[in-house]
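Thanks for coming, everyone. I would like to walk through one model this morning, going from the overall sheet down to a single residue, and I will take comments at the end.

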Amino acid sequence: MSKQMSRGARQAACQDGNDELGTPPKIIRRLHKALGDKFELDVAAGAENIEIAHRRFTVKDNGLAQPWNAETVYLNPPYSDPLPWMQRTVDQLSRDHGPSLVIALLKSDVSPEWFQDYATEAEYLCAVGERLSFVGADGSAPFGSIMLAFTDDETSVPPDIIEAFDEFGAVYRRETVTEASKQARLTDIVNDGGVRAAPASPASPAQPGCGISLDRLTPRDEVTLSFRTQTLGAIGTLPDSATVRMLPG
C-alpha cells in the first residue's frame, strides 16, 4: 500500500480486505512473550515491521504451496480471501511433520465458509476487545478482529497463550458435542404402547440423561417413565408417560 494514500483511501482498502496490512506490534510482542521465543514459521509474511518468526513465507514464496514444517506457526492471512489459508491450516495440522500450534489473526466475521467450516476447528478463539491499528493503515480498522489457536490432536494450547488471549479480549474454548442415541432408544421403549423394550448392551451403558440403565433390570420388572413432551418433540407423538415391562430374553 502506498504511503501517499490518503487516510480515507487507506481505511476503505482496509475495509475491503487489503492484503498488505501487518499485525500490530503489541500483539507480536505479547505472543513472543507467551511462547518464550519467536514463532518458527510465519506463513503469510511481508507487511510487518517486526520479525514474527525465524522463517517466513512471503507472497513470492506462496505459503499455500509450501509445507508448514514447523512446531509453531503464525498466520495473518490475506483478508480478501482467507478460505484457502484456513483450509491449509486444518490440513497441515493433520500431517505427520506439520505444526503442533497455529495462531491466526483474522477479521471477525462468523458468516463465511472459512469461519463456519474451518475457523471453528480452533481450540480457542479470542474476540479482540478493540479495533486494531494494523501496520500500513492510519487509525483503527473499521472491523473487529479475532485470534484463533489451533493445535494438532496430541497438543494442548499452552497456558501462556491462553493468558495472552485473555489480555486481548473475551476467550472461548471449543467443546466437541456428540449426538447421543437416547432419542432412538426412547423410540424403541415406547413402541407398541410402551410395553416392550430391549435390554441395553453392557458395552454401551445408558446415555446420560436417560435416567435409567435397562441392563440393571430383571425380566418382568416394570418401570414407569415420564417424558417432557415439550422438549422431546423431535421424537414425534410421545405420551406423557409409559410403562416398560422387561420381557424374558
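**The sheet and what packs on it**

What you have in front of you is an open sheet of 7 strands with mixed pairing, in the order β2-β1-β3-β4-β6-β5-β7. The edge strands are β2 and β7, the latter covering residues 169–173, and each of these pairs on one side only. Averaged over the sheet, and with direction ignored, neighbouring strands are turned by 20° against each other. Please keep in mind throughout that this is a predicted model.

Let me begin at the β2 end, where β1 (39–42) and β2, residues 53–56, pair in the parallel sense over 3 bridges. Within that pairing, Asp-42 has Arg-56 of β2 as its bridge partner. β1 also pairs with β3, again in the parallel sense, over 2 bridges, and here Leu-41 stands opposite Val-73 in β3.

Moving along the order, which way do β4 and β6 run relative to one another, parallel or antiparallel? They run antiparallel, joined by 7 bridges, and Ala-104 stands opposite Leu-148 of β6. Helix α5 packs on the sheet, where it touches β4, β5 (124–128), β6 and β7, and the direction of α5 makes about 135° with that of β7.

The other helix I want to show is α2, residues 25–35, in which Ile-27, Ile-28, Arg-30, Leu-31, His-32 and Ala-34 are buried. What do these buried residues pack against? Their partners are the strands β1, β3 (72–75), β4 (101–107) and β6, together with helix α5 (159–168). Just after α2 comes Gly-36, which takes a positive phi of about 80°.

Finally, I would like to look at one residue of β6 in detail, namely Thr-151, which lies in this strand of residues 145–151. Is Thr-151 buried or exposed? Its relative accessibility is 12%, and because the cut-off for buried is under 20%, Thr-151 counts as buried. The side chain of Thr-151 reaches the backbone oxygen of Thr-155 at 3.1 Å. If we leave aside neighbours within four places in sequence, Thr-151 is in contact with Leu-93, Ser-100, Leu-101, Glu-123, Ser-156 and Val-157.

To draw this together, β6 is the strand that holds Thr-151, that runs antiparallel to β4, and that is touched by α5 as well as by the buried residues of α2. I am happy to stop there and take your comments.

Definitions and conventions: Residues are numbered from 1 along each chain as its sequence is written. This is a predicted model: local features need pLDDT of at least 70, side-chain atom pairs count only at pLDDT 80 or more; totals for chains, interfaces and linings use all residues. Side-chain values use heavy atoms; hydrogens and water are left out. Helices (H or I, at least four residues) and strands (E, at least two) are DSSP runs, numbered from the N terminus. Buried means under 20% relative accessible area, exposed over 50%, partly exposed in between (1.4 Å probe, protein chains only). A polar contact is a pair of N or O atoms within 3.5 Å; within protein, one must be able to donate a hydrogen and the other to accept it, and residues adjacent in sequence count only if both atoms are side-chain atoms. Contact means heavy atoms within 4.5 Å. Two strands pair if DSSP finds at least two bridges between them. Axes are lines fitted to C-alpha atoms, for helices over the stretch in contact, and angles run from 0 to 180 degrees between N-to-C directions.
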